Amino acid sequence: MTQLVDKVAVAAAFSRAAGSYERFAELQRVCGDNLLAEVTNRPAASVLDAGCGTGWYSRIWRDRGSEVLALDISKAMLERCRQTQSAHRFLEGDIESVPLDDEQVDLAWSNLAVQWCGNLQQGLSELYRVTKPGGCVAFTTLAAGSLPELHEAWRGIDTRAHANQFLSVTEIEQACRPWRCVLASRTVSQRFPDAMSAMRSLKGVGATHLHDGRKNTLLTRGQLQRLSAAWPRQDGQYSLSWQIIFGVIERD
């Protein structure tokens with residue numbers, strides 16, 4: 001359940017992506033909209049948006065009448081969120097050490113952020129801690145089996161890791177065992193006209209960053225050609241597939 005994660009490098013990667021994030025955040029919106037459907041009928045006078053990014057879902061919860069606290073490890077992301085007045089309060093901080101007292105919010109919401117935790121159970125435990133009894137923690141995360149097309153394409157070029165290996169479904173289930181939790185798994189696929197478009201979408205949401213802090217180098221023209229040739233296609237398009245876990249933890 002633990003991963004080696006360079007948090008300083010994670011924050012820097014997402015700060016670099018802050019300006020382009022919403023243009024490329026289709027995956028985040030698909031996952032977030034599905035997660036919204038799981039909690040839409042729950043009263044949430046106060047919401048923590050943990051890993052708020054530019055504040056897309058902070059704004060949705062704000063517009064629904066919730067008092068929203070936006071938390072992110074990236075200063076640039078948080079500043080984007082602040083500029084659009086997406087929340088009522090803003091906190092720079094790490095999900096694994098939330099700078100809040102116990103039992104502060106009705107809903108701890110985290111959409112595609114906890115995969116950057118070094119210890120998933122610790123991150124979820126923090127979200128649970130700051131949630132009031134009777135509330136819930138709602139999250140999405142990436143699981144092992146994500147980006148098989150990208151892994152296959154890169155194997156045609158070199159043996160280095162160019163994408164993260166995420167926790168398995170079993171490991172995510174184990175991380176949630178201390179609490180009453182419902183988990184669901186779903187595959188979400190995206191299609192692009194060419195390999196460069198697919199790679200730009202990954203970079204645009206900070207997903208080219210590797211957990212250990214190592215950044216991928218710029219593609220040469222030759223590498224891009226080989227990557228394109230090795231990339232598995234569907235109907236002539238370049239796919240990226242993600243294994244998404246949706247979780248709702250009841251706060252007892």
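A cavity, as I use the word today, is a set of grid points where a 1.4 Å probe fits but cannot get out. The model in front of you is a predicted one, and I will go through its cavities and then one of its strands.

Cavities first. The structure has four of them at 30 Å³ or more. The largest holds about 490 Å³ of space. Its lining is made up of 33 residues, and those closest to the centre are Phe14, Leu112, Ala113, Gln115 and Trp116. Which elements give two or more residues to that lining? They are α1, residues 7–17; α2, residues 21–24; α3, residues 26–39; strand β2; and α9, residues 195–204. Of these, α1 gives the most, with three residues. Sorted by class, the lining of the largest cavity has 21 nonpolar residues, nine polar ones and three charged ones.

Next, the second largest cavity. Here the space comes to about 160 Å³. It has 15 lining residues, and Tyr21, Gln28, Cys52, Trp56 and Tyr57 are the ones nearest its centre. Two or more lining residues come from each of α2, α3, α4 and β4. By class, the lining of the second largest cavity has six nonpolar, six polar and three charged residues.

Two of the elements just named, α4 and β4, come back in the second part, on strand β1.

Strand β1 covers residues 46–50. Is β1 mostly covered or mostly open? Mostly covered: five of its five residues are buried. Ser46, Leu48 and Ala50 point to one side of the strand, while Val47 and Asp49 point to the other, and all are buried.

What does β1 pair with? One partner is strand β2, residues 67–72, which runs parallel to β1 and is joined to it by five bridges. In this pairing, Asp49 stands opposite Ala70 of β2. To get from β1 to β2 the chain passes through helix α4, residues 56–63, and this β-α-β crossover is right-handed.

Another partner is strand β4, residues 105–111, also parallel to β1, with three bridges between them. There, Val47 stands opposite Leu107 of β4.

To put the two parts together: β2 is joined to β1 by five bridges and is among the elements that give two or more residues to the lining of the largest cavity. β4 is joined to β1 by three bridges and gives two or more residues to the lining of the second largest cavity. Helix α4 lies on the path from β1 to β2 and also contributes two or more residues to that second lining.

Technical notes:
Residues numbered from 1 in each chain as written. Predicted model: local features only at pLDDT ≥ 70, side-chain atom pairs only at ≥ 80, totals over all residues. Heavy atoms only, no water. Buried < 20%, exposed > 50% of the residue type's maximum accessible area, 1.4 Å probe, protein only. Helix = DSSP H or I, 4+ residues; strand = E, 2+ residues; numbered from the N terminus. Pairing = 2+ DSSP bridges. Right-handed = clockwise from strand over helix to strand, strands pointing away. 1 Å grid on protein atoms, 1.4 Å probe; cavity = no way out; pocket = protein on both sides within 12 Å on 5 of 7 lines; lining within 4 Å. Points joined across faces, edges and corners; volume = space filled by probe spheres on them. Nonpolar A, V, L, I, M, F, W, Y, C, P; charged D, E, K, R; others polar.
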